[in-house]
Amino acid sequence: MFLNVEEAKQKSIELINQKSYSFYYSGFSGYSTIYPDTTENLSYLEQIDVKNKEVLTVTGSFDQCLNLACLGAKKIHNIDTNVLSVFYAGLKYAALQAFSYEDYISFFLEENRLDYQMYLRLRQYLGVPFREYWDFVYQAVSYSNQTLAKSHLFYSFGSKENLILSNPYLKSEENYNQTKENMKNIKITFEEGSVLDIGKGEEKYDLMLFSNVESYVVRDAFHSMSEEEYMDFLQNKASRQLKPNGRIQCAYKYTYKYPRLTTLPKNAIKRLFASKYTLDKIDYMEGKCRKVVVMSAPLKGGGSMNPDFMDCAYLYEQEKGRRR
């Protein structure tokens, strides 16, 4: 993947100098605000067999890739429309090489996150374009990690406790060191592009992770697909790049179980996957999505992980086949 460092620096300065977020989502772009941490509880991956698997995943915060590495994936292809996510992935990869478990936690999850003196310790592990980019970014904020962390280059950071529980590779020092070792033997690649373009390539995967893309393309106010179109995309397009018995993590529902609500609103995602759709005279999707439920935190109030609250990852399972 070609990285235009000069363009990335220009776009990053615009984000750093931006005074406020837009109230309206109008789609991701090539240079968008970076998600520094996963917003999902990626421990659901522990319930899926990823060992020795070839996986396509959204780059995002790069936590998806690191957790897959921790759990023994063989090959990981990262795709994202946001080029800045690749520069952030480079920073996390370098930190993994340079730091102990405690230092990694300190650099990314604690109050003094992105500390410049710690950055200098990992800098030698960055490839040339990544080093040039991050040197520029730190200079732009006068080497203040507080200014950098609070700028619009990043969305807000999650809490240390929740992120450790949400990431298998951070749950213990042993897991962290195993991830570091596994990364030496994994083929990791990057691509600038949209998940919605999947199905046009020749590469085949055992598993695809779409994060919560479904919520943007189907349920967001500016949605670009109907429910039927998204289902058609899963079964008749994206699945072309699945190996036999492959799976697609095609949606993620926050607070799937939310006991404090006495009346649940109409659940669009439940309707989406509980329905049977007929397109081009093919009936599909009924009974073909597996749910993986994991502990979460309340969406509001910044609460801690609580077993009374559960998230749900939905997996389209191709091995059940089409019914004609």
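**A walk from the cavity to the sheet**

Seven nonpolar, one polar and three charged residues make up the lining of the largest cavity, so to speak the opening stop on this tour of a predicted model.

To see that lining, select Pro36, Asp37, Asp63, Lys92, Tyr104, Phe108, Leu109, Leu163, Asn167, Tyr169 and Leu170. The space they surround comes to about 40 Å³. Searching the whole structure turns up one cavity of 30 Å³ or more. Now colour helix H4, residues 101-109: with three residues, H4 gives the largest share of the lining.

Next stop, the sheet. Show the strands in the order E3-E2-E1-E4-E5-E9-E8 and you have an open sheet of seven with mixed pairing. Go to the edges, where you'll find strand E3 (187-192) and strand E8 (289-296); each has a single partner strand, so one side of each is left without a neighbour in the sheet. Look across the strands, too: neighbours in this sheet are turned by 20° against each other on average, ignoring direction.

Zoom in on strand E5 (residues 242-257) and strand E9 (residues 306-317). This pair runs antiparallel and is joined by seven bridges. For one of the residues to click on, try lysine 257, whose bridge partner in E9 is methionine 310.

Last, pick out two cysteines. Are cysteine 65 and cysteine 250 buried or exposed? Cysteine 65 has 1% relative accessibility, so it counts as buried. Cysteine 250 is buried as well, because its relative accessibility is 0%. Don't go hunting for disulfides, though: the structure holds zero.

Terms used
Residues are numbered from 1 along each chain as its sequence is written. This is a predicted model: local features need pLDDT of at least 70, side-chain atom pairs count only at pLDDT 80 or more; totals for chains, interfaces and linings use all residues. Side-chain values use heavy atoms; hydrogens and water are left out. A disulfide is a pair of cysteine sulfur atoms within 2.5 Å. Buried means under 20% relative accessible area, exposed over 50%, partly exposed in between (1.4 Å probe, protein chains only). On a 1 Å grid over the protein atoms alone, a cavity is a set of points where a 1.4 Å probe fits but cannot get out, and a pocket is an open set with protein on both sides within 12 Å along at least five of seven lines; lining residues have an atom within 4 Å of a point. Grid points are joined across faces, edges and corners, and a volume is the space filled by probe spheres set on the points. Helices (H or I, at least four residues) and strands (E, at least two) are DSSP runs, numbered from the N terminus. Ala, Val, Leu, Ile, Met, Phe, Trp, Tyr, Cys and Pro count as nonpolar, Asp, Glu, Lys and Arg as charged, and the others, Gly among them, as polar. Two strands pair if DSSP finds at least two bridges between them. Axes are lines fitted to C-alpha atoms, for helices over the stretch in contact, and angles run from 0 to 180 degrees between N-to-C directions.
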